[in-house]
Amino acid sequence: MKSHKKMKLIVGILLLGLFCGTAFAAPDTITNGTYTPTTTTINKEVNSNQEFTITLEDEGNVTWTDENNDEITEGTSVSDGNKFFKLIYTVIDTAVHSVKASVSNASGDLGEVTWTIQGTAPALEIDDFYPTKSEEGWEEEDDGDLIKTVTQSSTNSTFDFNITVNQNCTIEWNVKDPDGNSVVDTVTDDGDDGDGVTYSEFKDFKAGEVIDTYTITATATSTVGSDEKVKTWIVNVVRKGYYLGNRIWEEGMSTTYTWDALSYSGFFYNLDDGKSSETLTIEAISRNIDEGNIKYSTEPMETDFEYNNWGSYQVIGFMAEKYFAGYNENTTIEGESLDESLIKEGVLAKVLTDTDDKESAYSGSSFILEDGYALNIVEVDIKGDTVWIQLEKDGDVVDDDFLASNDDYVYEADLGDAEDVPIIIAHVGTVFAGQETSAVFIEGIFQISDNYVEIESGDSFGEMEITSASSSGIKMENEDDIDLDEGDTIELMGKILIQVADDSTLRFAPYVDISEPGTYELRGTVYDEDEDDPITTWDPYNFEGFYYNIDEGIGTEELRIEDSDLSDREIAEGQLVYESTPQPVEFEHDDWGYFQVIGFMAEKYFTGYIDEGDKKTTVGDEDLDVSLLSDNILSKVLTDTDDKESMYSGSALILEEGYALNIKEVDINGEVVWVQLEKDGDNVDDAFVASNEDYVYETDLGDAEDVPLIIVHFSNVFAGGETNAVFVEGIFQISDDYLELEDGDTYGEMELSVGSNKITMENEDDINLDEDETIDIMGEVKFKTADDNTLRFYPFVEVETEGGASRELRIDVPDEIIEGKEFTIEVTAGEDDVEGVTVKVDGKTVGKTDEDGEVTYSDDAGTYKVTAEKDGYTTANTNIEIIEPKIQMTISISPQTV
């Protein structure tokens with residue numbers, strides 16, 4: 001008899017009964033017959049069968065009884081005319097039992113035979129178990145344990161486990177967490193009755209910071225012996241984003257990671273149909289990415305024309321931009337099917353216009369197109385049947401045609417090796433000739449650019465090289481090793497950059513250069529109801545719009561949908577929850593320790609000075625503990641720097657928001673400086689500060705009293721024979737234009753609740769996620785839904801970039817730098833000089849750029865790393881070499897008479 005043991009994290013176990021028995025006297029012999037086995041003392045494995053037979057010379061009768069003299073009828077048979085008798089006996093346990101055969105015929109008793117059976121324990125074996133390595137995701141380790149890695153979610157927290165053994169057993173199931181603690185009560189079948197035992201489903205699999213390991217064991221102990229067998233399953237639980245789904249990667253996540261359009265807002269994504277084409281995978285992630293370990297791929301996708309009578313065409317995302325890849329058999333223009341693949345010819349072009357808006361134009365007017373094109377309405381014939389149109393390019397006529405109502409106008413051009421490509425298509429809805437006015441009505445316009453991109457294998461874009469390009473797609477790999485050094489910005493390909501944290505912990509993220517003028521969406525990972533486990537929580541790792549300090553790995557905001565059942569396309573009241581909790585960050589002047597910041601509706605705010613363990617604010621000899629948030633106040637950080645600046649008596653340290661710290665006078669001993677603080681020209685404070693002391697200006701912000709608004713560290717006060725000077729080595733300033741928070745305030749769909757250490761908001765009404773909607777959630781954070789029956793949506797914020805306003809810093813230095821001579825470090829973004837950039841040399845701040853984006857510096861001969869940093873801009877790095885002065889040679893030539 002086999003036993004089937006099952007657990008559903010949770011365990012359901014079939015209990016097995018036990019039987020007990022005793023042994024008794026040895027058998028007698030019989031006459032006129034034989035019996036088997038002839039050995040009357042028998043050792044037999046439990047759960048196995050023993051056959052007993054009696055063969056008589058003449059007809060007779062046999063009665064089978066057990067040690068209790070109870071007749072045995074089960075398993076008996078008679079044949080050969082009542083001459084052959086058989087019993088199949090099952091050994092049920094390790095006790096001593098007996099079987100007696102009493103034989104008789106018509107003449108009387110013929111005697112009896114008694115066998116003694118000693119049950120022996122068989123070797124315990126696990127005959128079967130589930131899950132096995134053949135099940136999806138399960139792998140077998142060298143020691144025979146089964147292991148599977150799953151993502152923490154509601155859909156994978158329950159599993160079925162069972163084992164089948166070859167004998168009666170006690171089965172003990174146990175689930176232990178990563179610390180070895182049992183996370184469910186041990187469930188045991190003790191084998192003393194036949195009742196089933198059921199344990200409630202276990203749904204508490206949770207990942208730690210990144211990954212946690214749970215161990216499930218089934219321990220089978222024989223009830224007929226002392227054998228024990230253990231089967232082990234291991235479940236590694238990782239957080240969402242361990243393999244993909246986040247924009248930010250940091251140490252502890254999978255070293256093979258994938259970014260796609262669902263998680264990375266830079267990649268082209270069509271929300272309405274859920275289609276995307278680009279993926280970026282990095283393998284063996286470390287500070288050095290080997291050649292070929294960054295893999296980018298993209299493939300054409302079919303998308304419908306806005307004017308749906310034309311059918312569909314192919315687009316492709318390429319290096320975070322949308323391109324036209326070609327027409328196909330589903331494209332119908334002028335009643336004919338087009339099949340013109342640009343990508344097959346190694347060409348890509350931008351889609352400039354795709355619209356079904358109805359527009360009208362009169363004779364003599366024009367439809368203005370992109371790239372310098374214009375479609376001129378020259379004249380409508382007197383019958384109103386036909387219109388004469390001309391196409392201009394930069395003022396020159398390049399084509400003309402005569403069209404009737406419901407005709408398509410098509411203009412073709414060669415794009416590289418792709419010949420006769422329709423680059424402009426317009427559908428003429430109606431041609432109208434009136435008595436006074438003639439007009440043409442256009443119902444659809446499609447245009448691609450004649451400025452195309454050529455691609456072929458071997459082409460390089462930034463750090464990437466095309467390894468294949470065909471009608472099926474484009475693949476690229478990094479052609480050289482790439483170092484992810486601290487603080488680096490890497491131009492990966494096209495507009496795609498990689499920003500590396502200026503931190504010893506490896507942390508980086510791809511992002512798109514948005515320096516070109518325009519409005520850009522920073523979106524979060526997409527919710528798609530067709531996904532197995534769609535995202536319902538957004539934080540700075542998967543939503544670029546939330547505040548995040550990549551250098552320190554600090555982000556405070558989270559937006560989540562509590563009830564993830566959105567089948568009715570509605571977020572019920574109170575189910576959309578926003579939380580943000582202050583986190584400590586270091587002052588640039590590290591002697592001051594830490595202060596607290598918080599993200600609030602995608603913006604960074606100051607919440608207070610802290611006194612918590614080793615993360616405290618220390619100014620002078622005093623530990624500060626001032627919480628603005630507890631008084632429902634938030635303020636912006638205006639300045640946080642450890643730049644060294646020198647000032648002379650009579651000069652001023654210019655601060656933000658109209659403040660200036662005037663250096664009035666240094667005392668005759670050169671020990672103390674008298675300073676006065678002005679606000680918009682009015683004196684608001686004065687103080688006497690010695691070397692290595694901090695100047696602090698306090699004021700009230702709403703209900704928060706005596707808040708240090710400005711802190712300045714004076715490293716040295718100097719009195720010379722001719723000049724007195726002071727040296728500043730740390731400045732911190734927050735805004736006195738504060739934001740007041742009050743319980744019950746509403747922002748968009750959300751209602752505010754403020755705690756001493758947390759901001760919480762919930763939707764005060766139901767939020768309908770109707771098709772093709774943009775919903776103001778709170779502040780600049782919005783939801784955008786797909787124009788589709790399938791529910792897809794994402795959170796986003798918009799960033800508007802003015803012309804030439806690049807966010808990417810660049811450093812320029814002279815080609816030759818001589819030891820001991822000052823040289824200029826220039827910092828630009830796009831075509832603009834950037835003022836106020838902190839410039840560091842080998843990690844030491846040397847100054848901030850002036851209005852020309854410049855700072856001067858000199859040093860000894862050697863090789864140095866120059867870093868440029870400013871909030872809102874990418875960090876730039878470059879290496880410089882300062883050389884020793886060159887030996888100058890002077891040659892004197894004296895005239896010589898020949």
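This is a short walk through selected local features of one structure, which is a predicted model.

Let me start with a sheet. Four strands form it, and the sheet is open. The order is S53-S54-S55-S59, with antiparallel pairing. Which strands stand at the edges? They are S53, residues 583-586, and S59, residues 626-627. Each has a single partner strand, so one side of each is left without a neighbour in the sheet. Now look at the S59 end. S55 covers residues 603-609. Two bridges join S55 to S59, and the two run antiparallel. For a residue pair to click on, take Tyr609, which stands opposite Val626 in S59.

Next, Asp623. This residue is in strand S58, residues 622-624. Its relative accessibility is 34%, so Asp623 counts as partly exposed. What does Asp623 touch, leaving aside neighbours within four places in sequence? The contacts are Asp611, Lys616, Thr617 and Thr618. With Thr618 there is a polar contact, side chain to side chain, at 2.8 Å. For a sense of scale, take Glu521. Asp623 and Glu521 are 102 residues apart in sequence. In space, their C-alpha atoms are 42 Å apart.

Now a second aspartate, Asp177. Find Asp177 in the loop between strand S15 (169-176) and strand S16 (187-189). Asp177 is buried, yet it has no salt bridge. How far away is the nearest side chain of opposite charge? That side chain belongs to Lys176, and the distance is 8.7 Å. The cut-off for a salt bridge is 4 Å, nitrogen to carboxyl oxygen. What the side chain of Asp177 does have is a backbone partner: one of its polar atoms lies 2.9 Å from the backbone nitrogen of Asp179. Beyond four places in sequence, Asp177 is in contact with Val183, Thr213 and Tyr214.

On to the interior. In soluble globular proteins, nonpolar side chains tend to be buried together. The largest nonpolar core here has 47 residues. Which residues have the most contacts inside that core? They are Trp259, Phe318, Ile474, Met476, Leu492, Met493 and Phe508. Apart from this core lies another, of 42 residues. Phe268, Leu369, Ile377 and Leu403 are among its members.

Let me zoom in on Phe508. Residues up to four places away in sequence are not counted here. Phe508 touches Trp249 and Trp259. Phe508 also touches Ile248, Ile282, Ile285, Ile498 and Ile550, together with Leu484 and Val500. Arg247 and Gln499 are on the contact list of Phe508 as well.

Last, some backbone geometry. Two cis peptide bonds to look at. One runs from Thr36 to Pro37, with omega near -5°. Pro37 lies in the loop between strand S3 (33-36) and strand S4 (41-45). Another cis peptide bond joins Tyr130 and Pro131, with omega about 0°. Pro131 sits in the loop between S11, residues 126-130, and S12, residues 139-140.

Then positive phi. Asn69 is not a glycine, but its phi is positive, about 65°. This residue is in the loop between strand S6 (61-66) and strand S7 (76-79). At 55% relative accessibility, Asn69 counts as exposed. Asp772, also not a glycine, has a positive phi of about 55°. Asp772 is in the loop between strand S74 (767-768) and strand S75 (774-778).

That's it from me.

Notes: Residues numbered from 1 in each chain as written. Predicted model: local features only at pLDDT ≥ 70, side-chain atom pairs only at ≥ 80, totals over all residues. Heavy atoms only, no water. Pairing = 2+ DSSP bridges. Buried < 20%, exposed > 50% of the residue type's maximum accessible area, 1.4 Å probe, protein only. Lys, Arg positive; Asp, Glu negative; His and termini not counted. Polar contact = N/O pair within 3.5 Å; in protein donor to acceptor, adjacent residues only side chain to side chain. Contact = heavy atoms within 4.5 Å. Core = buried A, V, L, I, M, F, W, Y, C linked by side-chain atoms within 4.5 Å.
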